[in-house]
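Q: I would like a close look at a single part of this structure, taken step by step. Please begin with the strand pairing and then move outwards to what surrounds it.

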Amino acid sequence: MPPALPAWLATQKRQFRVLIPGCGSAYEVQLFAERGDDVLGIDFSDAAIEAAQRRLGKFAGRVRKTDFFALRGAPFDLVYERTFLCALPRPLWPQWGKHLPTLLRPGGLLAGFFFFDDNERGPPFGISAAALHALLDAHFVLSEDRPIPPAQSVPVLAGRERWQVWERRL
């Protein structure tokens with residue numbers, strides 16, 4: 001996990017109700033849970049959920065198998081992004097952009113790491129800044145944007161990740 005997430009969380013004074021789509025091994029689920037946040041990690045892979053539950057111990061109940069696009073319920077304060085969008089085939093991006101605001105309360109945050117790349121091959125599927133703005137600008141305002149040093153990324157994403165925070169419009 002890049003240090004940008006714990007560093008950002010250290011600046012946050014409140015606790016969040018957090019959604020982590022595509023949580024994989026759920027390292028971030030543990031970070032949020034230990035901080036006292038009400039966190040839910042979801043993944044569609046049985047193997048990922050089983051591995052995450054084994055790894056999480058007392059926090060195992062914080063992950064479950066769920067389809068992001070079928071998820072409904074009370075809005076979250078924060079959706080954390082790390083390799084979920086870049087794992088989705090590009091034809092699903094408009095659906096992601098439409099569903100995401102339904103999961104966040106007004107003023108809620110989409111925060112995390114976004115993979116910017118113009119390579120047509122994938123996964124991971126990189127996005128351009130213009131394409132990300134096209135997906136999010138109708139419902140979000142970009143409030144933070146900074147590059148992630150290559151040494152803080154996994155090799156396949158190195159040098160092409162940015163930490164961003166988007167606030168859902170009221």
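Q: Which residue stands opposite L19 in β4? Please go on from there to describe β1 as a whole.

A: In this model, which is predicted, L19 stands opposite V79 of β4. That contact belongs to a pairing in which β1 and β4, the strand of residues 76-82, run in the parallel sense and are joined over two bridges. β1 itself covers residues 17-21, and it also pairs with β2, residues 38-43, to which it is joined by five bridges, again with the two strands running parallel. Within this second pairing, V18 of β1 has V39 as its bridge partner in β2. As a general point, the side chains of a regular strand alternate between the two faces of the sheet.

The link between β1 and β2 can be described further, since β1, α2 and β2 together make a β-α-β unit that is right-handed. As for its surroundings, four of the five residues of β1 are buried, which means that under 20% of their relative accessible area is left, and so β1 is largely enclosed by the rest of the structure.

Finally, there is the largest pocket, which holds about 490 Å³ of space. It is lined by 24 residues, of which G22, C23, G24, D43 and T83 are the closest to its centre. β1, α2 (27-35) and β2 are the elements that give two or more residues to this lining. By character, the lining residues of the largest pocket divide into 15 nonpolar, five polar and four charged.

Notes:
Residues are numbered from 1 along each chain as its sequence is written. This is a predicted model: local features need pLDDT of at least 70, side-chain atom pairs count only at pLDDT 80 or more; totals for chains, interfaces and linings use all residues. Side-chain values use heavy atoms; hydrogens and water are left out. On a 1 Å grid over the protein atoms alone, a cavity is a set of points where a 1.4 Å probe fits but cannot get out, and a pocket is an open set with protein on both sides within 12 Å along at least five of seven lines; lining residues have an atom within 4 Å of a point. Grid points are joined across faces, edges and corners, and a volume is the space filled by probe spheres set on the points. Ala, Val, Leu, Ile, Met, Phe, Trp, Tyr, Cys and Pro count as nonpolar, Asp, Glu, Lys and Arg as charged, and the others, Gly among them, as polar. Buried means under 20% relative accessible area, exposed over 50%, partly exposed in between (1.4 Å probe, protein chains only). Two strands pair if DSSP finds at least two bridges between them. A crossover is right-handed if, with the strands pointing away from the viewer, the path from the first strand over the helix to the second runs clockwise.
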